[in-house]
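Here are a few exercises to try with the structure open beside you. Work through each task before you peek at the solution.

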Amino acid sequence: MSLSRSLKIVSTLYRFGLDDFFAGHARLRLLSRLLRALPGRRKPTDPLPVRLRLALESLGPIFVKFGQVLSTRRDLLPPDYADELARLQDKVAPFDGALARQVIEQGFGRSLDQVYVDFDDVPVASASVAQVHKAYLREADGSRGRQVAVKVLRPGIQPVIEQDLALMNTLAGWVERFLADGKRLKPREVVAEFDQYLHDELDMMHEAANASQLRRNFVGSDMLVVPEVFYDATCREVLTLEWMNGTPIGQIERLRAEGVDLKQLSRFGVEIFFTQVFRHGFFHADMHPGNIFVAPDGRYIALDFGIVGSLTETDKHYLAVNFLAFFNRDYHRVATAHIESGWVPADTRPEELEAAVRTVCEPFFDKPLSQISFGMVLLRLFETSRRFNVEIQPQLVLLQKTLLNIEGLGRQLDPDLNLWDTAKPFLMKWMNEQIGWRGLIRTLKNEAPQWATTLPTLPRKLNEALSGKSSELMIAGYMQLMREQKRQNFLLALIALLLGALLLKDLL
């Protein structure tokens, strides 16, 4: 850990008066008084949340990015802190184009001119982890090929990140030990979560795989286009994507002048979100305006795939149940769905959780549906969840953040956007596909390979279980047999049902 970096961070925290966080701790009261007497400390005229944001901005891009991630954890932070941290902007000066060339050549182990033609040294975009340059691919015959966006990792960023993460872990330990609410805030776990996000962004192959998956999910879509990845020109330090021409989503007047149907675009945004979440269980989790363009044909263009979220079938089911129950004001179902999914402790009383959910949600229904922000409902639910010891899963936090982004963009494009007019039919159709014959047939198709492999091995497994080689082997074999038997019981019941239907048809 760099001593100079450590001293800078400590002095920054002191300069902005963040020692106030620990002022109430009995063992640190005297130290806090001594610090306040030293020169150079910022006078505490600004509220503490504002001073925290200013300190993070002063510490640089990695701390800014951490603050952005922290702002999404409204299940942990008081609202005033979350709101203030949400104002953090990732403003980073670009690095020299010559350095970008060095990173590219080191990554590929060959000269840049062997990979690209007309590489532009001036970046078109710059962020804390990487920056983007325009170029053309070089074809095998040496001619100029397709236009591409070349995303280059910042040189020397890895050791800086490791130092800052080590310091964040140290600060998290202080928060956990000395802050009154430190243990509940789980600062070490939050830093570990941020560590994972950041290291994923440091590997361009990881982002390339995310982009490929999202592109495959939306192939042929009339709502979303995802750039192609050129893997022959991609490595851990460099990502090469198809160049996308479009208008930034935030330039509303320009979109109007280009004749883009903004109402349709806003509906597309909602449909894209629910399609990613419920059909694919894989969603772009960083959909802020800087990462979204609009193509000339009116489709969305997704960019920057460093952060994505994944959902299990169980997550998708209970999210759909919660969304529909909220729309129908069935707060008891919202409460029981939380308990069934394991999002709250199993011993939680449904009536108490139902009352808390009703208190949060009911005021929203005083407004027209077009004015209800479901993202804000989720935020309020997360805040309420603290008293029920809810363990908010990382994928749900990413989901809440993405929903807020999509909803905000949709309302910016169409102030009269009614989220539920678009979302409810989609959810109802999805739920209908999960139950009944269509859901059963899909499950059979998915499970068929497993059954085909398992059925022939059942006699051998039974023999091994009963062979008496050892009690441990016998117990293990018995447990495996029971697991397999549960699968086969369902298959046998289905076969019996189908045979019965065929016999009945013949008799009639």
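**Exercise 1.** In this predicted model, decide whether phenylalanine 273 is buried or exposed.

*Solution.* Start with the cut-off: a residue is buried when its relative accessible area is under 20%. Phenylalanine 273 has a relative accessibility of 2%, so it counts as buried. Now try phenylalanine 274: at 3%, this residue counts as buried too.

**Exercise 2.** Work out which kind of aromatic pair phenylalanine 274 makes with phenylalanine 273, and which kind with phenylalanine 278.

*Solution.* Keep in mind that two numbers describe a pair of aromatic rings: the distance of the centres and the angle of the planes.
- Step one: the rings of phenylalanine 273 and phenylalanine 274 are 5.1 Å apart, centre to centre, with 80° between the planes. Angles over 60 degrees count as edge-to-face, and that's what this pair is.
- Step two: for phenylalanine 274 and phenylalanine 278, the centres are 5.9 Å apart and the planes sit at 10°. Planes under 30 degrees apart count as stacked, so this pair is stacked.
- Step three: put them together, and Phe273, Phe274 and Phe278 make up one aromatic cluster.

As for location, phenylalanine 274 and phenylalanine 278 are both in helix 12, four residues apart, or about one turn of the helix. Both of them are buried.

**Exercise 3.** Stay in helix 12 and find out which residues serine 266 touches, leaving aside neighbours within four places in sequence.

*Solution.* First, place the residue: helix 12 covers residues 262-280, and serine 266 is part of it. Next, check its accessibility: the value is 1%, so serine 266 counts as buried. Finally, list the contacts: Tyr300, Gly410, Leu413, Asp414 and Leu417.

**Exercise 4.** Figure out which strands stand at the edges of the four-stranded open sheet.

*Solution.* Read the strand order, which goes 5-10-9-7, with mixed pairing. Strand 5 (224-225) and strand 7 (247-248) each have a single partner strand, so they stand at the edges, with one side of each lacking a neighbour in the sheet. Look at strand 5 again: two bridges join it to strand 10 (residues 300-302), and the two run parallel. Valine 225, for instance, has isoleucine 301 as its bridge partner in strand 10. To link back to the helix, helix 12 lies across strand 5, strand 9 (292-294) and strand 10, at about 45° to strand 10.

Terms used:
Residues numbered from 1 in each chain as written. Predicted model: local features only at pLDDT ≥ 70, side-chain atom pairs only at ≥ 80, totals over all residues. Heavy atoms only, no water. Buried < 20%, exposed > 50% of the residue type's maximum accessible area, 1.4 Å probe, protein only. Contact = heavy atoms within 4.5 Å. Phe/Tyr/Trp six-rings, centres within 6.5 Å; stacked < 30°, edge-to-face > 60°. Pairing = 2+ DSSP bridges. Axes fitted to C-alpha atoms, helices over the stretch in contact; angles between N-to-C directions.
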